[in-house]
Each structure stands twice: as C-alpha cells, then as structure tokens.
Amino acid sequence: MTRRLRGVLTPLLAVLVLAGFGWSAQLDRASIGGTQAVQARFAFDRHPIASLPVAGMQHVRDVHPDYQHIESWISAVGAAAALTDLRDTGRDGDVCLVDPRTDTITVSAAPGTTGDYAPFVLNAAPLPYQRDTMAPMGCLPGDFNEDGKRDLLTYYWGRTPVLFLRTVDDLGAGAFKPVEVAPGGERWATETVVSADVDGDGHQDLIIGNYFPDDTHLLDPQAGPDPNMQMHDSMSNALNGGRDRILLFANGTGGADPTVGFRDASDALPRDVAAGWTLGLGTQDLNGDLLPEIYFAHDFGPDRLLLNRSTPGNVAFDVLSGRSDPTIPKSKVLGQDSFKGMGVDFGDINGDGRTDIFVSNLTSEFGLMESHFAWLGTGRVDEMADGVAPFEEAGDPLGLARTGWAWDAKFGDFDNDGVSELLQTTGFVKGEVNLWPQLQEMALANDELAHDVRFWPRFADGVDISGAQPNAFFVRAADGRWVDAAADVGLADREPARGVSTGDVDGDGNLDVAIAKQWAESHLLRNRCLSCGESITLDLRLPPQGADQPSGEVVPADQVQPGSPAYGATVVLTLPDGRTLTQQVDGGNGHASARSPRLHFGVGDLGDQPVTADVRWRGRDGQVHNRSLELHEGRFALTLGEGR
C-alpha cells in the first residue's frame with residue numbers, strides 16, 4: 001500500500017469508526033424510546049435538603065501537617081444521606097444528612113413534606129468529640145437496641161461510631177442519647193456501615209468498613225510525627241488499610257436511659273479482607289440460607305465476596321473467587337481485580353430472576369479507565385460450597401461499564417413498570433487546575449513509593465480531578481442493554497456527589513431520591529412520574545424484645561407497629577403474568593448512604609388482580625420462618641412473628 005493511499009484510508013477509517021460509535025449510540029437512544037418518551041416516564045422535582053451551619057462553611061478540611069499538600073484528596077469524602085421514617089408515619093419522610101461543608105449531621109423532615117419538628121444537628125456530647133480533629137462520614141438508621149424505636153448510627157474519621165438511641169417520641173436534639181459502639185477511645189476512619197444478622201441468631205449486628213489505618217491523626221493539623229500515617233501500600237493490591245470490624249449484638253434496653261452492647265467478632269475476617277481500604281459494603285443472602293454473604297468494595301485492590309458459614313455466636317466465612325480462563329482478564333474475575341471499588345448494590349440486572357451485583361469503579365475517560373462491574377449471577381449457587389463465586393462480569397456488553405469517577409449506586413424502580421433503573425453518583429474533586437497527568441504518573445509509579453505521602457503529587461486546594469462529571473441514570477432497554485438517560489431527566493448534575501438514598505417520602509407509591517454532594521448543596525429529588533405504574537410497598541419488622549407475639553396481620557403502612565427493620569428478610573413477588581421480583585430488606589448497602597428498609601416493588605398495571613408475596617425471615621428465635629401473602633397495589637406493614 002502506498003504512503004499516499006494510507007494517508008487517505010487512515011482518516012477515512014477513523015471517520016467510519018466514529019460514525020459507528022455514533023450510530024450505536026443512536027440505536028441505544030432509540031431502544032429506550034427517545035428523549036421525549038424517557039421524559040414521560042421519569043420526572044423529578046429538586047429540593048435542597050436542610051443543613052444547619054454551625055461555624056461557617058468550609059470547602060476543604062484541615063489535615064495532618066504531613067498531608068497538607070494532598071488536602072483536597074483527603075477531603076474528597078464525607079457526604080452521605082439516609083431517608084427514613086423517624087415518626088412512624090408510614091412514609092420515609094425524614095432525612096439524615098452528613099454535610100462536609102459544615103461537618104455536621106442534620107436531621108430534618110424531607111423537603112416538600114409536612115414536618116412537625118425543626119431541623120436539628122446530632123451532637124455526640126457528652127461523649128468525646130473534637131470538631132477540629134474529627135469529621136462525620138455517614139448516618140445509618142435502624143433499631144439497634146431492639147426497643148422498637150428508630151435510632152441513628154453515625155460514623156466518623158477520627159473516632160469510633162456513635163449510636164444515637166431514641167428516648168422519646170417527640171423529635172429534636174434531646175430525643176436521642178449518644179452511646180459508644182466500641183468503647184476504648186480508638187481512632188477509626190470509617191467509610192461505611194451495614195446492619196445485618198451476621199450469625200443467624202435473630203439479632204442485628206454491625207459490619208464496619210474502615211479506610212485509613214487505625215489510630216492515625218489524619219485530621220489533626222497540630223499533630224506531630226505519626227508512624228500510622230501512610231497511604232495505600234499498592235495501587236492494585238493495598239492491604240494496609242483500617243481494620244474492618246464485625247460487632248455482634250449482645251444486649252440492649254429501651255426507655256429514658258437506653259443501652260446497647262456489642263461483642264467484637266472481627267477476628268473471623270481473613271486478613272486480606274479486613275485490611276483492605278473499604279469504601280463500600282453490601283450484604284445479601286445469595287444461597288437461600290438467610291445468612292448474609294458480604295461484599296467488600298475495596299479501593300486500590302481486589303474486592304472480596306465472603307460466603308457466610310456462621311452459626312449463632314460463632315462467625316465464620318469462606319472467601320469466594322470467580323472462575324477464570326485465558327479469555328477473561330484477571331480484573332474481570334470476582335475477587336481478583338485491581339480496581340477502585342467505591343460502591344455496591346444488588347439487583348436483577350438482566351431480568352433472569354437471579355440476584356446480580358453492580359460495583360462502581362474508576363472509569364474516567366482520558367484519566368484512569370477501569371470498568372464498573374456488572375456481576376451476573378450464573379445460578380450455580382452450589383459452587384459456593386467449593387469456594388467459587390458464581391458470577392460472570394458483563395458490564396461492557398450491557399452498557400454499564402463506564403461513566404466516570406463513580407461512587408454510590410442504587411437500583412430502584414422509578415416508573416413502577418417492574419424493571420429497575422440504576423442511579424449512580426460521580427465526580428472527585430472540583431477546582432481550577434487539572435491534575436490528571438500527575439495522578440496518572442502516580443498510578444504508574446512503583447508500588448514501593450505509594451504508601452509514602454512524600455512521593456504523592458500536590459493535590460492541594462484548587463485542583464480539579466474529574467470535578468465536572470455528570471451523575472448517571474441507567475435505564476434498561478427492551479434489548480437488555482442499559483442506556484444512561486440522566487441528561488434527559490435532569491439528573492446529570494456536574495458537581496461531585498457521593499451518596500444515594502431512595503424511599504417514598506410522601507406516600508404516593510413512587511420512589512424518591514436523596515443525593516448527597518461533596519462540597520455542594522445536597523438535594524431531594526421528588527418523583528413526579530407522569531406515567532408510572534402501580535406499586536406495592538412492604539414494611540417488614542421484627543417485634544421489640546419482650547413484646548407479645550404479633551398478630552401477623554397485614555395492615556396499611558400508616559398503622560405500622562413499633563419494631564425493628566427485618567434486615568435480610570426476603571420477599572419473592574409473583575406477578576399475574578408469572579414474572580417474579582425478588583428483594584431483601586437492606587441494612588445499608590453501598591457507599592456511606594442507606595436506602596429505606598421498606599421494600600418497593602413496581603408492578604405495572606395490576607387492576608384488581610392480586611399478587612403472591614412469599615416471605616422468608618429469621619425470627620427473634622434465630623429460626624427460619626415462611627409465610628405467603630396475597631397483596632393488591634398499595635403500601636403495607638407486617639410485624640413478623642415466629643412459628644407461623
């Protein structure tokens with residue numbers, strides 16, 4: 001081929017390739033009905049979430065002197081939100097917001113709803129707390145002392161988590177008593193917490209994901225030399241992070257002076273799991289024994305999936321790994337990746353009725369291009385007993401592989417058609433000076449240098465690293481591929497965001513969303529779906545300790561009785577057309593933010609036809625129980641007893 005001919009064909013080939021990409025994008029757009037059709041299915045009203053300033057606003061945190069040249073990097077996390085029902089109204093009409101601009105945790109009625117209390121800030125006093133060396137990272141609602149009242153667990157960089165136990169019905173700063181989760185005064189850098197019945201004894205335990213090494217003075221600008229202050233010891237296999245914990249429920253009391261106690265069972269975690277840099281946690285029963293498996297989303301190293309082999313009082317796990325062969329890249333094998341896991345959620349990605357796993361990673365174009373994970377369940381759950389993770393990665397062919405520097409992700413059926421969508425937050429640090437070239441150099445450097453902060457580039461105030469990436473809103477098309485429709489429905493914000501929480505704040509049967517932003521105003525997105533189908537919402541609870549056996553009656557959601565969310569309970573909904581929808585009560589899956597524990601099923605147009613809901617749960621006796629319900633469209637509550 002002559003040089004002149006090559007000179008003509010090369011640009012022609014490039015044009016054809018680009019045209020092909022554009023054509024395929026048009027096919028994707030057409031497969032979900034075009035922009036107008038998408039806008040008819042999904043619409044949201046935006047409302048700012050209350051955040052009470054304490055001592056002015058900040059846009060970067062003070063850090064240890066050795067880390068001042070990377071203060072923006074250290075300050076890149078801490079925004080979180082949780083939708084919950086603190087007033088037992090039957091709606092998820094309350095918000096717990098962590099705002100890094102003020103380093104506060106504000107509780108308020110969801111904007112646009114009727115609130116009978118003023119917003120207030122959770123104050124850990126009289127427990128030790130120093131605002132200039134500590135910062136909140138997340139808020140997890142739940143009933144942690146099993147008295148039937150909704151409490152709030154908060155976690156931090158610079159100390160161990162604090163439980164705010166509910167004492168009175170009226171909401172305000174004085175309605176909670178702060179108590180220690182792990183007495184001893186240690187300094188943890190906690191990024192995520194999940195509540196689940198780890199050992200199958202009928203009580204809710206805590207799984208705590210820590211990030212930076214324990215006992216560091218990370219946020220203390222006056223601290224001296226600290227041998228614990230170190231960065232990741234590898235860019236692909238870091239195992240020097242803060243130690244993850246498992247705390248088993250031991251005891252609890254209610255009343256005006258409530259208490260709670262936990263027993264440390266962290267030794268059950270293998271070292272290469274517990275020492276990872278954890279940004280996301282997820283629990284899900286994957287083999288039907290009602291013991292939660294645990295997914296650890298690790299930054300700078302392989303994610304881990306643990307098979308739960310626990311018995312009451314005895315915690316035990318097996319580490320699972322996916323099958324590999326010469327055709328599969330190592331990082332597309334579950335448990336062997338080198339990516340930057342930041343968030344995890346469970347759902348049916350390909351509509352085959354099996355539980356799949358979605359994981360956010362770092363996928364910045366012209367930056368570091370990894371891949372989000374769409375782990376599709378193979379259905380071969382018996383392989384788990386042999387140490388095999390029965391999942392195969394399919395993010396690329398499904399259109400889910402790339403968005404940007406991604407964080408939390410949550411599945412939810414926002415138009416109630418029986419097929420979930422996927423909302424994902426993106427963006428890292430917003431500023432004026434692009435430092436991606438320096439970060440790329442750091443990523444390619446020798447691992448022996450990575451842990452020493454002196455060799456890190458200057459990521460100080462004012463730098464920009466993927467600071468204007470839009471959030472993603474994935475819609476599954478008829479051909480099975482997923483298409484990002486965020487720009488069509490007004491969700492493509494270009495401010496770094498972190499947490500996602502979903503729930504029905506106004507009781508209209510549609511899922512609403514809270515988005516927690518890093519160094520910007522957080523928002524509630526009220527769902528004003530124009531063509532939504534019908535939905536069934538089910539609030540499953542366990543009775544308070546010492547309560548009489550519940551009647552087992554299914555009641556309207558606003559008649560819910562006091563009780564604990566039945567984390568891990570499984571519901572299989574069978575629709576009139578034979579399709580099945582499966583969900584488990586969620587105890588905080590993801591990165592820092594928690595969805596409502598109520599199960600929300602979009603069911604399309606039922607008319608007068610009932611659906612069957614098969615419920616499985618562990619009672620307070622630790623035994624597995626089953627019940628079949630017949631439900632119509634609506635919002636319901638059920639307190640789960642034993643022996644039914």
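**Exercise 1. Identify which helices each supply at least two residues of the lining of the second largest cavity, then describe that cavity.**

Step 1. The helices are α3 (71-74) and α6 (436-444), each of which supplies at least two residues of the lining of the second largest cavity. The model is predicted.

Step 2. The volume of the second largest cavity is about 200 Å³. Its lining has 21 residues, and those closest to the centre are Trp73, Tyr211, Asp299, Phe300 and Phe428.

Step 3. Sorted by class, this lining consists of 18 nonpolar and three charged residues, with no polar ones.

**Exercise 2. State how many cavities of 30 Å³ or more the structure holds, and describe the largest cavity.**

Step 1. There are seven cavities of 30 Å³ or more in the structure. The largest cavity encloses about 240 Å³ of space.

Step 2. In the largest cavity, 23 residues form the lining, and Asp197, Ala566, Tyr567, Gly568 and Ala569 are the ones nearest its centre. Two or more lining residues come from each of the elements β10 (190-196), β14 (277-284) and β37 (611-618).

Step 3. The lining of the largest cavity is made up of 10 nonpolar, nine polar and four charged residues.

**Exercise 3. Find the disulfides of the structure and give their pattern along the chain.**

Step 1. The structure contains two disulfides. One of them links Cys96 and Cys139, with an S to S distance of 2.1 Å. Another links Cys529 and Cys532, also with S to S 2.1 Å.

Step 2. When bonded cysteines are counted along the chain, the pattern is 1-2, 3-4.

**Exercise 4. Work out which parts of the chain the link of Cys96 and Cys139 ties together, and give the handedness of the link.**

Step 1. Cys96 belongs to strand β3 (residues 94-99) and Cys139 to strand β6 (residues 135-142), so the disulfide ties together parts that are 43 residues apart in sequence.

Step 2. The angle about the S-S bond is 105°, and the link of Cys96 and Cys139 is right-handed. Both Cys96 and Cys139 are buried.

**Exercise 5. Determine the handedness of the disulfide of Cys529 and Cys532, and decide for each cysteine whether it is buried or partly exposed.**

Step 1. The disulfide of Cys529 and Cys532 is right-handed because the torsion about its S-S bond is about 115°.

Step 2. The cut-off for buried is under 20% relative accessible area. Cys529 has a relative accessible area of 13%, so Cys529 is buried. Cys532 has 24% relative accessibility and therefore counts as partly exposed.

**Exercise 6. Locate the cis peptide bond from Ala125 to Pro126 in the chain.**

Step 1. Omega is near 15° for the peptide bond from Ala125 to Pro126, which is cis.

Step 2. Pro126 sits in the loop between β5 (120-121) and β6. Strand β6 (residues 135-142) also holds Cys139.

**Exercise 7. Asp215 and Ala592 have a positive phi although neither is a glycine. Place each residue and decide whether it is buried or partly exposed.**

Step 1. For Asp215, phi is about 60°. This residue is in the loop between β11 (205-210) and β12 (245-253). Its relative accessible area is 30%, so Asp215 is partly exposed.

Step 2. For Ala592, phi is about 70°. The loop between β35 (580-584) and β36 (599-604) contains Ala592. Its relative accessible area is 5%, so Ala592 is buried.

Terms used
Residues numbered from 1 in each chain as written. Predicted model: local features only at pLDDT ≥ 70, side-chain atom pairs only at ≥ 80, totals over all residues. Heavy atoms only, no water. Disulfide = S-S within 2.5 Å. Helix = DSSP H or I, 4+ residues; strand = E, 2+ residues; numbered from the N terminus. Buried < 20%, exposed > 50% of the residue type's maximum accessible area, 1.4 Å probe, protein only. 1 Å grid on protein atoms, 1.4 Å probe; cavity = no way out; pocket = protein on both sides within 12 Å on 5 of 7 lines; lining within 4 Å. Points joined across faces, edges and corners; volume = space filled by probe spheres on them. Nonpolar A, V, L, I, M, F, W, Y, C, P; charged D, E, K, R; others polar.
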